[in-house]
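Colleague: Could you take me through one part of this protein in detail? I would like a close look at the place where the two domains meet.

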Amino acid sequence: MPAPLPRRAFLARTAALAGASLATTSRTRAAAASTATDDAVGRHKSELPTPALLVDLDTLDANIAKMAAHCRAAGCAHRPHAKTHKCPEIARRQIAAGASGVCCATVGEAEAMVAAGVRGVLLTSPIFDPRKFARMAALVGRAPDTLLSLGHALAAERLSAEAKRRGVTVDVLIDLDVGDHRTGITPGEPALALARAIARLPGLRLRGLQAYSGAASHTAGFEKRRAFSRAALAPAVETRALLRRAGFDAPLLSGGSTGTYNIDPGEGGLTELQVGSYVFMDVNYRVIGGQADALYADFAPSLSVLATVVNTSPAKPEQVVIDAGTKAFSSDSQDKPESKDGRALTYRRFGDEFGALTAAPGAALPKIGDRLEFLVPHCDPTVNLYDRLHAMRGDKVEAVWPIMARRG
Ligand SMILES: Cc1ncc(COP(=O)(O)O)c(C=O)c1O
């Protein structure tokens, strides 16, 4: 055992180590990430540490191609929402299939996408921190086709000031509150007043409107969903006409979701769809029902969490415990993870690190050490729990993609 250091020497060494560790933190992290990444590529999924986030590449690409073909046929553009995946590799695949860019929910996501070479970024969420306006104006300097949605005159003033300071012109959409009462301005005259305010402000150029109805997206039953979405979007369509009559050229009407992708284009009025979840799918969406089916199955689940049965107990023979709890699956809804291969297992949340599985009568309970894949309850917040996504070709890891900008 080495001799103990005198206290003064100990403190000096600790301070030096702390300094060194601060200086090397990012390098160390990058090295750790790349080692883990390199290690996983080429491996069979049975070798991956669990819980692990997987995407099936064939299913992902089929979902991307199907949405792109739908939009082409409907004469509607699509700018898929990258808040779902936070992954430039997936954004590139969407754009290669025909998307006009990607939507982002945070400034960090927008920066990560632009840094990775993705263009046509639309920030759909409101911001109000002056530093975030400065970051967005800087981003427009690097990628002039970046768009921001705005729902408040004071936000427009702040953005204009930053645009002026940087000498850039920022394209903006007016975000309309079409019933969620979460973001956006009231359609009609209030939106027209905001358009006039934007027109007076230097450094801003109005390109259109945003109208997203979160409530429509998950309305259960196709006919109900159609009626809900049509009613939600009607004031947006009227506002666009109002703006035109007032002399504004506002060509874009952006919004919609995976739940309403086959409702909103055309007569629905949207010129571009902000669809997000369709790339991965999740239980929240499957249960809303499709146009013809009880389950929404227009897009297939490509995302899963791989977990291991880590305990069984004679005190509770009807259940097994897996290593995937609330740190592995989103827990913002009643919906639970479902076995990907359709086994009749019921998942119960069992803490941060664990879930409990029970089997339906007649179905086999997994054994200790068994590995199972689960569809996730809600894809966006589940993805945000992981720092990497294993891109699977069959049972083998073809690539490991970082999940970017999990904060800010
Ligand atoms: C503004 C906005 N647009 C589009 C979407 C995409 O919706 P979905 O993932 O349901 O397709 C969302 C999702 O929350 C959103 O917040």
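Modeller: Happy to, and what follows goes from the domains to their contact, then to the core and the ligand. Please keep in mind that this is a predicted model. The protein chain is divided into domain 1, made of 45–54 + 298–402, and domain 2, which covers 57–281. Their C-alpha centres lie 33 Å apart. Where they touch, 14 residues of domain 1 are in contact with 17 residues of domain 2.

Let us look at that side of domain 1. At least two of its residues come from each of α11 (379–383), β16 (388–393) and β17 (396–402). Among these, β16 gives the most, with 4 residues. By class, this side of domain 1 has 10 nonpolar residues, 1 polar and 3 charged.

Now to the interior. The largest nonpolar core has 99 residues, and those with the most contacts inside it are Val-102, Met-113, Val-121, Val-172, Ile-174 and Val-305. Both domain 1 and domain 2 give residues to this core, so it lies between them. Met-113 is a good residue to zoom in on: leaving aside its neighbours within four places in sequence, Met-113 is in contact with Ala-82, Pro-88, Ala-91, Val-102, Cys-104, Val-118 and Val-121. Two of those partners, Val-102 and Val-121, are themselves among the core residues with the most contacts.

Finally, the ligand. It is surrounded by 14 residues, the closest being Ser-257, Thr-258, Gln-274, Gly-276 and Ser-277. The shell around the ligand has 11 polar and 3 nonpolar residues, with no charged ones.

Notes
Residues numbered from 1 in each chain as written. Predicted model: local features only at pLDDT ≥ 70, side-chain atom pairs only at ≥ 80, totals over all residues. Near = placed C-beta within 6 Å. Nonpolar A, V, L, I, M, F, W, Y, C, P; charged D, E, K, R; others polar. Domains from an automatic or database assignment. Contact = placed C-beta atoms within 7 Å. Core = buried A, V, L, I, M, F, W, Y, C linked by C-beta atoms within 7 Å. Buried ≥ 20, exposed ≤ 12 C-beta atoms within 10 Å, placed from the backbone.
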